[in-house]
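The following exercises are to be worked with the sequence and the structure at hand. Each task is followed by a solution in steps.

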Amino acid sequence: MMGTCKQHVFYNEGGNTLDLRLMFNEDEINYDHFRPTYPDELFADIISYSLIDEGSNSLEIGIGTGQATTPILKSGCSVTAVELGDKLSAFVKRKFIKYSNFNVVNADFMVLPLKSDFYNLVYCATAFHWLPKEESYNKVYNILKSGGTIALFWNHPFPNKQDDISNVVNRRVYNKYRPSDKEVVEFCGKDCERRIHELEQSGFKEVNAKLYHRVRTLSSDSYIALLNSYSDHRALDAKIKDAFEAEMKASIDEIGGKINIYDTIDLYLARKP
């Protein structure tokens, strides 16, 4: 949810321009309640690889409402979070007020002055794709200490399995209101190769990648609320959005009121030499 790329500009049907990065800032309560956290094993792997402890400094890019923050804080290291949205920044300041090792800065990561060779860990959860690629890798490399760790991870929800009736219903509604020529495919190990290559080309060493899997089951109401935490959904024309949500809820309710979401989480760990 951070960055300065042109791809973040979206044109709605009225011809108005919207910055998708700031869509997350519109409803922080809904975002915090319905966006999933990440597996405990993932955080254990980050902490084990980076060796962070009470004497370490870490920086989180695009904290959102802190779905990936608590385990790092509990390691004892100091966490500085950078967040573009002012409402989101205020939210996490309240949320983590009991942690003396937490600080949040309301700013764009790409223009914020940061100390070189200072951080033991720089991490980003489902947000690094908002950044300009080459410049962001270079900046992270610059602010990390020698031997410091970059940790990047994403959650890829997939409610499109052909053998799951709740997923079949979901795809039918999407095809009606949000048709696309792009093939709908589930994230897999081969998809990690691009990110591994980017890290290696940016000078990082000891690059590791790992996948984690889980299934979430949501009610129709919770699924609609989750969709409203996504920037592209919030940016839809109001009439299309309302019709889409009404038919999605009715369709899921007709088959029992629940939808299964198959998540794949990809983690990348690497060191600055």
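**Exercise 1.** Determine which residue of β4 stands opposite S58, and establish the pairing of β3 on either side.

*Solution.* Step 1: in β4, S58 faces V79. Strands here are DSSP runs of E with at least two residues, and helices are runs of H or I with at least four residues, both numbered from the N terminus. The model is predicted: local features need pLDDT of at least 70 and side-chain atom pairs pLDDT 80 or more, whereas totals for chains, interfaces and linings use all residues. Residues are numbered from 1 along each chain as its sequence is written, and side-chain values use heavy atoms, with hydrogens and water left out.

Step 2: β4 (residues 78–83) is joined to β3 by five bridges in the parallel sense; two strands count as paired if DSSP finds at least two bridges between them.

Step 3: β3 also runs parallel to β6, with four bridges. In β6, L121 stands opposite S58, and Y123 is the bridge partner of E60.

Step 4: four of the five residues of β3 are buried, that is, under 20% relative accessible area; exposed means over 50%, and partly exposed lies in between (1.4 Å probe, protein chains only).

**Exercise 2.** Give the strand order of the open sheet and name its edge strands.

*Solution.* Step 1: the seven strands follow the order β5-β4-β3-β6-β7-β9-β8, with mixed pairing. Step 2: β5 (102–106) and β8 (205–219) are the edges, since each pairs on one side only. Step 3: neighbouring strands are turned against each other by 20 degrees on average, direction ignored.

**Exercise 3.** Describe how helices α2 and α8 lie on the strands.

*Solution.* Step 1: α2 (residues 40–50) lies across β6, β7, β8 and β9 (258–271), at about 5 degrees to β9. Axes are lines fitted to C-alpha atoms, for helices over the stretch in contact (heavy atoms within 4.5 Å), and angles run from 0 to 180 degrees between N-to-C directions.

Step 2: α8 (residues 220–227) lies across β8 and β9, at about 140 degrees to β8. Step 3: α8 is mostly covered, with six of its eight residues buried; these are S220, Y223, I224, A225, L226 and L227.

**Exercise 4.** Which residues of α5 are buried, and how are they arranged around the helix axis?

*Solution.* Step 1: in α5 (residues 133–143), S136, Y137, K139, V140 and I143 are buried. Step 2: these residues fall within an arc of 160 degrees when α5 is viewed down its axis, so they line one face of the helix. The arc is that of the directions from the helix axis to the C-beta atoms. Step 3: their cover includes β3 (57–61), β6 (119–125), β7 (144–158) and α7 (192–201).

**Exercise 5.** Find the number of disulfides in the whole structure, and explain the result for C188.

*Solution.* Step 1: a disulfide is a covalent bond between the sulfur atoms of two cysteines; the criterion applied is a pair of cysteine sulfur atoms within 2.5 Å. Step 2: the search finds zero disulfides. Step 3: the cysteine sulfur closest to that of C188 belongs to C192 and is 7.8 Å away, which is too far for a bond. Step 4: C188 counts as partly exposed because its relative accessibility is 36%, whereas C192, at 5%, counts as buried.
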